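Colleague: Got a minute to go through this model with me? I'd like to talk packing and charged pairs.

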Amino acid sequence: QTHRAVDGAYEVITATEVTPGDVNEAQKMLWLIDTHKLNTETSVETVVADSKYGTISNYLSCYDRGIRAHIPDLKEAQSNSGSRAGIFSDDVFIYDKQTDTYTCPVGKKLKPKSLHMSRQSMDYAASSSDCWVCDLRPQCTQNKAGRTIKRHLRQEELDYMRALAGTAVSKNDIKTRQRGLG
């Protein structure tokens with residue numbers, strides 16, 4: 001695979017790296033940003049990339065560096081595929097910061113269940129007894145234990161970056177980039 005950064009204003013390749021095909025290209029984004037900065041002696045204000053780069057790690061790294069990430073969300077691109085097809089997205093569950101709970105579409109609470117420091121997230125779970133009798137179960141979960149939601153420990157920053165990626169300006173930048181690759 002060839003990974004490259006291009007200066008959008010001048011249409012000049014500013015960083016490039018060739019890797020084996022099994023390298024996850026999302027992991028190359030920060031290296032490309034750093035190499036672009038080193039080679040051009042300029043800062044990076046906006047990154048435009050395809051959804052393969054739209055990972056939690058890349059969104060939060062851009063947030064920490066003050067970089068606008070005009071990148072489609074990888075999670076959203078994968079949400080209606082495989083076993084997730086026809087299942088409610090996490091977005092239909094409402095988070096309450098005061099009680100640290102989620103509320104499902106029928107009003108039941110999902111409470112903190114387990115903290116995963118390695119992936120920086122908390123699992124929230126519904127009561128299995130609530131899920132078993134729910135009319136919306138087929139659209140909500142296939143899990144015998146009931147519905148769970150994963151919430152990143154930096155979810156507010158992540159939501160901000162995902163919202164930024166969904167703006168008209170971001171979508172226009174992504175279309176412009178795709179036309180340039182044609």
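Modeller: Sure, let's start with the nonpolar cores and then move to the salt bridges. This is a predicted model, so to speak of local features we need pLDDT of at least 70, side-chain atom pairs count only at pLDDT 80 or more, and totals for chains, interfaces and linings use all residues. Residues are numbered from 1 along each chain as its sequence is written, and side-chain values use heavy atoms, with hydrogens and water left out.

Colleague: Okay, which residues touch the most other members in the largest nonpolar core?

Modeller: Met29, Val47, Tyr59, Cys62 and Ile71, out of 19 residues. A nonpolar core here is a set of buried Ala, Val, Leu, Ile, Met, Phe, Trp, Tyr and Cys residues joined through side-chain atoms within 4.5 Å. Buried means under 20% relative accessible area, exposed over 50%, and partly exposed in between (1.4 Å probe, protein chains only).

Colleague: And which helices each supply at least two residues of this core?

Modeller: H1 (29-40), H2 (56-65) and H6 (155-165). H6 gives the most, with four residues. Helices (H or I, at least four residues) and strands (E, at least two) are DSSP runs, numbered from the N terminus.

Colleague: What does Cys62 touch?

Modeller: Leaving out residues up to four places away in sequence, Cys62 touches Met29, Val47, Ile67, Ala69 and Met161. Contact means heavy atoms within 4.5 Å. There's also a second, separate core of 10 residues, including Phe93 and Leu110.

Colleague: Switching to charges: how many salt bridges does the structure hold?

Modeller: The structure holds 10, taking a salt bridge as a side-chain nitrogen of Lys or Arg within 4 Å of a carboxyl oxygen of Asp or Glu. One of them joins Lys97 and Glu156, at 3.0 Å from N to O.

Colleague: Where do Lys97 and Glu156 lie?

Modeller: Lys97 lies in the loop between strands E5 (94-96) and E6 (101-103), and Glu156 in helix H6, so the pair ties together parts 59 residues apart in sequence. Lys97 is exposed at 59% relative accessible area, while Glu156 is partly exposed at 48%.

Colleague: How about Lys150 and Asp123, buried or exposed?

Modeller: Asp123 is buried, at 9%, whereas Lys150 counts as partly exposed, at 45%. Their side chains meet in a salt bridge of 3.4 Å, N to O. Lys150 is in strand E9 (residues 148-152) and Asp123 in strand E8 (residues 121-126), so this pair links parts 27 residues apart in sequence.

Colleague: Last one: which residues are linked in a network of salt bridges?

Modeller: Asp64, Arg154 and Glu157. Between Glu157 and Arg154, the closest N and O atoms are 3.6 Å apart.
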